[in-house]
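Student: I should like to learn how pockets and helices are read from a set of coordinates. Could we begin with the pockets?

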Amino acid sequence: RRFYAATSSLNQTSMAEKSSQGPFPKVVVFDLDFTIWYPEMDCLSGPPFSKDKKGRVFDRAGEEVHIFDGAKRTLLEIAQDARFKEIQVGWASRTTEVSSAQKCLQLLDVSSDNGAFSASLQKLGQYSEIYPGDKKRHFRAMAKASGVPLEDFLFFDNERRNTQSVSELGVTCVCTPEGMTYKAWLRGLEKFAEDKNARR
C-alpha cells in the first residue's frame, strides 16, 4: 500500500532537492475539511457565507474559514512553478455539507504576497468530487473524467482511513493530520517519484 505519514527525519532543504527531480504526478488531489481549510464545514453555523473587503470568508454566525498556510503555499507553487504546469488539481471531500463546501471553494482565494497572482480555490481545481462515502468512488470518478491512471495521482488528506482506502487503488497518499503543510507537499512529491520509479 502506498500510504505515507507526512513526517520525515529529512530536513526541508534536502526534501526540496529530492522532490524537484520528478517525475511528477499528473493530478494532485486534496481533501478539504482540515486539509485545505479549517474549521470543518460541519463545525460551522452554515450559510449564508460572506466575504469582506479583505477577502476573509465568514459563516452566518461570523466565524471565519481559514486556508492553512501550507495549503496556500502548495497551491501557489503548483499554479506558478513552471515544473508543475502540467499538474491538474482536484478536490475530494466526504462532507455532508456539500453546498457549504462548494460555496467556500468559490469564495476562498489563494493570493501571492506581492499580489501578482490570485485565484479562487474553485478556479484552481479542475475536478471536484464532494459527497459522503468511501473516497475510492471520488477517485474513480476523477480518473474517468481526466483520463489519467490512478497511479499518476497524488493525494493529501488529514484522515488516515481515507489515505488507507485510496492507497489501495494505487494512488500515492500522504496523511496530513495537522492540516496541509509545505513539508507534506515535498514529502508527497518525493514519495510519488519513488513509487513511479519503482514501477519501471
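Tutor: Let us begin with the second largest pocket of this predicted model. By class, its lining comprises nine charged and five polar residues, and no nonpolar ones.

Student: What volume does the second largest pocket have, and which residues are closest to its centre?

Tutor: The general idea comes first. Rolling a probe the size of a water molecule over the atoms reveals where empty space remains. Here the second largest pocket has a volume of about 190 Å³. It is lined by 14 residues, and Asp 33, Glu 40, Arg 94, Thr 95 and Glu 159 are the closest to its centre.

Student: How is the lining of the largest pocket divided by class?

Tutor: That lining has five nonpolar, five charged and three polar residues. The largest pocket has a volume of about 260 Å³. Of its 13 lining residues, Gly 55, Arg 56, Ile 67, Leu 108 and Asp 109 lie nearest the centre.

Student: Which strand gives the most to the lining of the largest pocket?

Tutor: Strand S6 does, with four residues. Strand S6 (64-67) and strand S8 (109-111) each supply at least two.

Student: Why does the distance between the end C-alpha atoms of helix H2 agree with its expected span?

Tutor: At 1.5 Å a residue, the 12 residues of H2 (residues 69-80) should span 16 Å, and the end C-alpha atoms are 16 Å apart, so the two values agree.

Student: Which residues of H2 are buried, and against what do they pack?

Tutor: Gly 70, Ala 71, Thr 74, Leu 75, Leu 76, Glu 77 and Ile 78 are buried. The buried residues of H2 pack against strands S2 (27-30), S6, S7 (88-93) and S8, and against helices H4 (121-124) and H7 (182-199).

Definitions and conventions:
Residues numbered from 1 in each chain as written. Predicted model: local features only at pLDDT ≥ 70, side-chain atom pairs only at ≥ 80, totals over all residues. Heavy atoms only, no water. 1 Å grid on protein atoms, 1.4 Å probe; cavity = no way out; pocket = protein on both sides within 12 Å on 5 of 7 lines; lining within 4 Å. Points joined across faces, edges and corners; volume = space filled by probe spheres on them. Nonpolar A, V, L, I, M, F, W, Y, C, P; charged D, E, K, R; others polar. Expected span 1.5 Å × (residues − 1). Buried < 20%, exposed > 50% of the residue type's maximum accessible area, 1.4 Å probe, protein only. Contact = heavy atoms within 4.5 Å.
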